[in-house]
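Please describe how the strands, helices and selected residues of this protein are arranged, working from its coordinates.

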Amino acid sequence: MTAKEKMFSGELYLPSDEQLMAEQTMCLNLLYDFNQTRPTELKKRTQMLSKMFAEIGECCYIEPPFHANWGGAHCHFGKYVYANFNLTLVDDTHIYVGDYTQFGPNVVVATAGHPILPELRKKGYQYNAPVHIGKNCWIGSGAVIVPGVTIGDNTVIGAGSVVTKDIPSNVVAVGNPCRVLRQISEHDKAYYFKDRKIDDSIL
């Protein structure tokens, strides 16, 4: 099995492999150019993202600066995904994000891990596990999502949460480690923030 194959299999591998590093550098060149675009160059950004990402749907927006180990090359975004400043995708293997999901500033989604055993870390070994984020999720500012996690559709992850285990659909989950706080309820159909009522006409 090649180092590239091991990247996507969960096996231990050496990311310093010469071929991997050459491919990764090309991806990072594209990422560098994306982060140098001007706010007026929205069409250019869209065109660049279509080259950088494995898949990206219509009307996605990523606010620079954007950071990614492979420049988005292993990321699969649905349509209308929005990401605020400093989204970091450690995309050493696949990251899947559903339609209409939103990321607050400074969110980290990591697929790469390193062995607990010091001798293996000293040699530079790494392993990867994919991350799946469902449709219409809101990932709050400063949240961290670790390798192998799945988050269900419509779920809200609170700001600053560290998501170490799977989170189901249709819940609000918060904390470190992140845990389900409550289900999305009838109350949420009437109020959008504290005592602020939703105008039915906008639904």
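The report below goes from sheets to helices, and then to cysteines and single residues.

## Basis of the model

The structure is a predicted model, and the statements that follow should be read with that in mind.

## The two sheets

One open sheet is built from five strands, which follow the order β1-β4-β7-β12-β15 and pair in the parallel sense. Its edges are formed by β1, covering residues 55-56, and β15, covering residues 150-151, each of which pairs on one side only. Next to the β15 edge, strand β12 (residues 131-133) runs parallel to β15, and two bridges connect them; in this pairing Ile133 has Ile151 of β15 as its bridge partner.

A further open sheet consists of seven strands in the order β2-β5-β8-β13-β16-β18-β19, and here the pairing is mixed. Its edge strands are β2 and β19 (179-183), both with a pairing partner on one side only. Within this sheet, strand β16 (residues 156-157) and strand β18 (residues 171-174) run parallel and are joined by two bridges, with Val156 having Val172 as its bridge partner in β18. As a general matter, the strands of a sheet pair through backbone hydrogen bonds, in either a parallel or an antiparallel arrangement.

## Helix α2 and its two sides

Helix α2 spans residues 18-35, a run of 18 residues, and the distance from its first C-alpha to its last is 26 Å, close to the 26 Å expected at 1.5 Å a residue. At its N-terminal end α2 is capped by Asp17, which places a side-chain oxygen 3.1 Å from the backbone nitrogen of Gln19.

The buried residues of α2 are Leu20, Gln24, Cys27, Leu31 and Phe34. Because these residues cover an arc of only 65° around the axis, they lie on the same side of α2. In general, an α-helix has 3.6 residues a turn, so residues three or four places apart point the same way. The other side of α2 carries the exposed residues Glu18, Gln19, Met26 and Tyr32, whereas the buried residues of the helix pack against α1 (3-7), α3 (42-52), β2 (61-62) and β3 (67-68).

## Helix α3

In helix α3 the buried residues are Arg45, Met48, Leu49 and Met52. Viewed down the axis of α3, these buried residues fall within an arc of 105°, so they line one face of the helix. The face of α3 turned away from this buried side holds the exposed residues Lys43 and Lys51. Among the elements that cover the buried residues of α3 are α2, β1 and β2.

## Cysteines

How many disulfides does a search of the whole structure find? The search finds zero. For Cys27, the closest cysteine sulfur is that of Cys75, and the separation of 10 Å is too far for a bond. Cys27 counts as buried because its relative accessibility is 19%, where the cut-off for buried is under 20%. Cys178 is likewise in no disulfide, with the nearest cysteine sulfur, in Cys137, lying 11 Å away; at 7% relative accessibility, Cys178 also counts as buried.

## Two buried threonines in loops

Thr111 is located in the loop between β9 (108-110) and β10 (112-113), and its relative accessible area of 0% makes it buried. The side chain of Thr111 reaches two backbone nitrogens, that of Asp92 at 3.2 Å and that of Thr93 at 3.2 Å. Leaving aside residues up to four places away in sequence, the contacts of Thr111 include Val90, Asp91, His94, Ile95, Tyr127, Val131 and Pro147.

Thr93 itself lies in the loop between β6 (88-90) and β7 (95-97), and with a relative accessible area of 2% it is buried as well. Again leaving aside residues up to four places away in sequence, Thr93 touches Met7, Phe8, His74, Thr111, Asn128, Ala129 and Pro130. Asn128, Ala129 and Pro130 are also touched by Thr111.

## An exposed lysine in α5

Is Lys189 buried or exposed? Lys189 has its place in helix α5 (residues 186-190), and at 52% relative accessibility Lys189 counts as exposed. Lys189 and Asp200 are separated by 11 residues in sequence, and the distance between their C-alpha atoms is 9.3 Å.

Terms used: Residues are numbered from 1 along each chain as its sequence is written. This is a predicted model: local features need pLDDT of at least 70, side-chain atom pairs count only at pLDDT 80 or more; totals for chains, interfaces and linings use all residues. Side-chain values use heavy atoms; hydrogens and water are left out. Two strands pair if DSSP finds at least two bridges between them. Helices (H or I, at least four residues) and strands (E, at least two) are DSSP runs, numbered from the N terminus. The expected span of a helix is 1.5 Å times one less than its number of residues. Buried means under 20% relative accessible area, exposed over 50%, partly exposed in between (1.4 Å probe, protein chains only). The arc is that of the directions from the helix axis to the C-beta atoms. Contact means heavy atoms within 4.5 Å. A polar contact is a pair of N or O atoms within 3.5 Å; within protein, one must be able to donate a hydrogen and the other to accept it, and residues adjacent in sequence count only if both atoms are side-chain atoms. A disulfide is a pair of cysteine sulfur atoms within 2.5 Å.
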